[in-house]
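Work through the exercises below with the sequence and the coordinates at hand. Each task is followed by a solution in steps.

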Amino acid sequence: MSSVAELTERVRAFAHERDWQQFHTPKNLAMALAGEVGELLAELQWLTPEQSARVMADPLLGPRVRAEIGDVTIYLVRLADVLGIDLVQAATEKLAESATRYTVEAARGRADKIKDV
């Protein structure tokens, strides 16, 4: 699978085959997405910054992190599909907005949020 559109279609078909679209309201999908993000956080919670940077090399944690990211992606794709949002377009627009808000000159090397000018 090589595109968001293909993944969206597969996730949509998966839900349809199981007659789950009746449960896939935006609220339910957002809640499920939040739950999966929580599970991803739990895998990384007590790691040092160095351990978290190397987590995929860990034979036990790496596959669990990968699976949780898969769950997060599936729920995000399904939520966007139900709401009629093009994920790539939404991300592209948000990135352009962020580039304006956080210019290279003002934000380079800083983790803190910069007040709007």
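**Exercise 1.** Decide whether Glu68 is buried or exposed, and find how far its C-alpha atom is from that of Glu36.

Solution. Step 1: this is a predicted model, and in it Glu68 belongs to helix 4. Step 2: the relative accessible area of Glu68 is 12%. The cut-off for buried is under 20%, so Glu68 is buried. Step 3: Glu36 and Glu68 are 32 residues apart along the chain, and their C-alpha atoms are separated by 6.6 Å.

**Exercise 2.** Describe how helix 2 and helix 4 are arranged relative to each other.

Solution. Step 1: two quantities are needed, since packed helices are described by the angle between their axes and the distance between the axes. Step 2: helix 2 covers residues 26–44 and helix 4 covers residues 61–83; their axes come within 9 Å and cross at roughly 165°. Step 3: angles over 145 degrees count as roughly antiparallel, and helix 2 and helix 4 therefore have a roughly antiparallel arrangement. Step 4: the crossing of helix 2 with helix 4 is left-handed. Step 5: sorted by class, the residues in this contact are 17 nonpolar and seven charged, with no polar ones.

**Exercise 3.** Find how many aromatic pairs there are and classify the geometry of Phe14 and Trp20.

Solution. Step 1: with ring centres required to lie within 6.5 Å, the count is one aromatic pair. Step 2: the ring centres of Phe14 and Trp20 are 5.6 Å apart and the planes are at 70°, so the pair is edge-to-face; the cut-off for that class is over 60 degrees. Step 3: the relative accessibility of Phe14 is 40%, which makes Phe14 partly exposed. Trp20, with a relative accessible area of 36%, is partly exposed.

**Exercise 4.** Which rings does Arg18 lie over?

Solution. Step 1: for Phe14, Arg18 lies over the face of the ring, 3.5 Å from the ring centre. Step 2: for Trp20, the charged end of Arg18 sits over the ring at 6.0 Å from its centre. Step 3: Arg18 thus lies over Phe14 and over Trp20.

**Exercise 5.** State what sets the phi of Asp19 apart, and place the residue in the chain.

Solution. Step 1: most residues other than glycine have a negative phi. Step 2: Asp19 has a positive phi, near 60°. Step 3: the loop between helix 1 (4–17) and helix 2 holds Asp19. Step 4: the relative accessibility of Asp19 is 42%, so Asp19 counts as partly exposed.

**Exercise 6.** For Met56, Ala90 and Ile114, give the location and the accessibility class.

Solution. Step 1: Met56 is in the loop between helix 3 (49–53) and helix 4. With a relative accessible area of 48%, Met56 is partly exposed. Met56 and Arg66, 10 residues apart in sequence, have a C-alpha to C-alpha separation of 7.9 Å.

Step 2: Ala90 is part of helix 5 (residues 87–101). Its relative accessibility is 33%, so Ala90 counts as partly exposed. The C-alpha atoms of Ala90 and Ala80 are separated by 9.6 Å.

Step 3: Ile114 is in the segment after helix 6 (104–107). Ile114 counts as buried at 15% relative accessibility. Between the C-alpha atoms of Ile114 and Arg101 there are 8.1 Å, with 13 residues separating the two along the chain.

Technical notes: Residues numbered from 1 in each chain as written. Predicted model: local features only at pLDDT ≥ 70, side-chain atom pairs only at ≥ 80, totals over all residues. Heavy atoms only, no water. Phe/Tyr/Trp six-rings, centres within 6.5 Å; stacked < 30°, edge-to-face > 60°. Buried < 20%, exposed > 50% of the residue type's maximum accessible area, 1.4 Å probe, protein only. Lys NZ or Arg CZ within 6 Å of the ring centre and 35° of its normal. Axes fitted to C-alpha atoms, helices over the stretch in contact; angles between N-to-C directions. Helix = DSSP H or I, 4+ residues; strand = E, 2+ residues; numbered from the N terminus. Parallel < 35°, antiparallel > 145°, perpendicular 65-115°, else oblique. Left-handed = near helix turned anticlockwise from the far one by under 90°. Nonpolar A, V, L, I, M, F, W, Y, C, P; charged D, E, K, R; others polar.
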